[in-house]
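Reader: Please take a close look at a single helix of this protein and at what packs against it. I would like one connected account rather than a list.

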Amino acid sequence: MACTRFPVIDPAATGRNIARLRQERGFTVRDLQRFFGFEEPQAIYKWQRGQSLPNIDNLYALSHLFQISMNEILVPVSPVYAV
């Protein structure tokens with residue numbers, strides 16, 4: 001019987017990854033706030049702390065801003081494999 005593990009995103013690790021990618025590319029939190037047109041930077045801070053994840057539209061926009069794939073932003077809890 002084949003069993004596929006359900007993929008799960010690690011919000012805290014993904015948040016740390018977003019912060020790292022932002023810093024490596026020389027963007028500030030305020031830069032991202034302006035890019036997304038947010039009134040306040042709280043959403044960016046919540047992403048970076050792992051309190052929330054960007055919605056699919058914002059994830060897609062981040063991938064374009066950072067010039068990487070969405071999969072390079074998201075961090076899985078553990079590898080997905082089939083048994």
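**Helix α2 and its surroundings**

Author: Read from one end of the sequence to the other, the protein follows the pattern α-α-α-α. The model is a predicted one. Its secondary structure comes to 4 helices and 0 strands. Of the 83 residues, 31% count as buried. Among the contacts with a separation of 6 or more, 64% are between residues 24 or more positions apart.

The part to look at is helix α2, residues 29-36. Its N-terminal end is capped by T28, which has a side-chain oxygen 3.3 Å from the backbone nitrogen of R30. After α2 comes G37, with a positive phi near 75 degrees.

Within α2, the buried residues are V29, L32, Q33 and F36. They lie on the same side of α2, because they cover an arc of only 105 degrees around the axis. An α-helix has 3.6 residues a turn, so residues three or four places apart point the same way.

What lies over that side? The cover of the buried residues of α2 includes α1 (11-24), α3 (42-49) and α4 (56-66). Three residues of α4 can be followed in turn, beginning with two that have contacts in α2.

L62 is located in helix α4. Its relative accessible area is 0%, so L62 is buried. Neighbours within four places in sequence set aside, L62 is in contact with I18, L32, F36, W47, P54 and I73. Two of these partners, L32 and F36, are among the buried residues of α2. L62 and L32 are 30 residues apart along the chain, and their C-alpha atoms are separated by 8.8 Å.

N58 also belongs to helix α4. It is buried too, because its relative accessibility is 16% and the cut-off for buried is under 20%. With neighbours within four places in sequence left out, N58 is in contact with F36, F38 and W47. F36 and W47 therefore appear in the contacts of N58 as well as in those of L62, given that contact means heavy atoms within 4.5 Å.

S63 is the third residue of helix α4 considered here. At 6% relative accessibility, S63 counts as buried. A polar atom of its side chain lies 2.6 Å from the backbone oxygen of Y60. Beyond its neighbours within four places in sequence, S63 is in contact with I68, S69, M70 and I73. I73 is thus a contact of S63 and also one of L62, on the definition of contact as heavy atoms within 4.5 Å.

The surface gives a counterpart to these buried positions. The protein exposes about 5600 Å², of which carbon and sulfur atoms supply 56%. F6, V8 and V77 form a nonpolar patch on the surface, with about 330 Å² of accessible area together. V77 is found in the segment after α4. With a relative accessible area of 52%, V77 is exposed, whereas L62 in α4 has a relative accessible area of 0%.

To return to the helix in question: V29, L32, Q33 and F36 are the buried residues of α2, and their cover includes α1, α3 and α4. From α4, L62 is in contact with L32 and F36, and N58 is in contact with F36. At the two ends of this account stand the cap by T28 and G37 with its positive phi.

Methods:
Residues numbered from 1 in each chain as written. Predicted model: local features only at pLDDT ≥ 70, side-chain atom pairs only at ≥ 80, totals over all residues. Heavy atoms only, no water. Buried < 20%, exposed > 50% of the residue type's maximum accessible area, 1.4 Å probe, protein only. Arc of directions from axis to C-beta. Polar contact = N/O pair within 3.5 Å; in protein donor to acceptor, adjacent residues only side chain to side chain. Patch = residues over 30% accessible without salt bridge, like charges linked within 9 Å, V, L, I, M, F, W, Y side chains within 5 Å. Areas by Shrake-Rupley, 256 points an atom, 1.4 Å probe, with all protein chains shown as cover. Salt bridge = Lys/Arg side-chain N within 4 Å of Asp/Glu carboxyl O.
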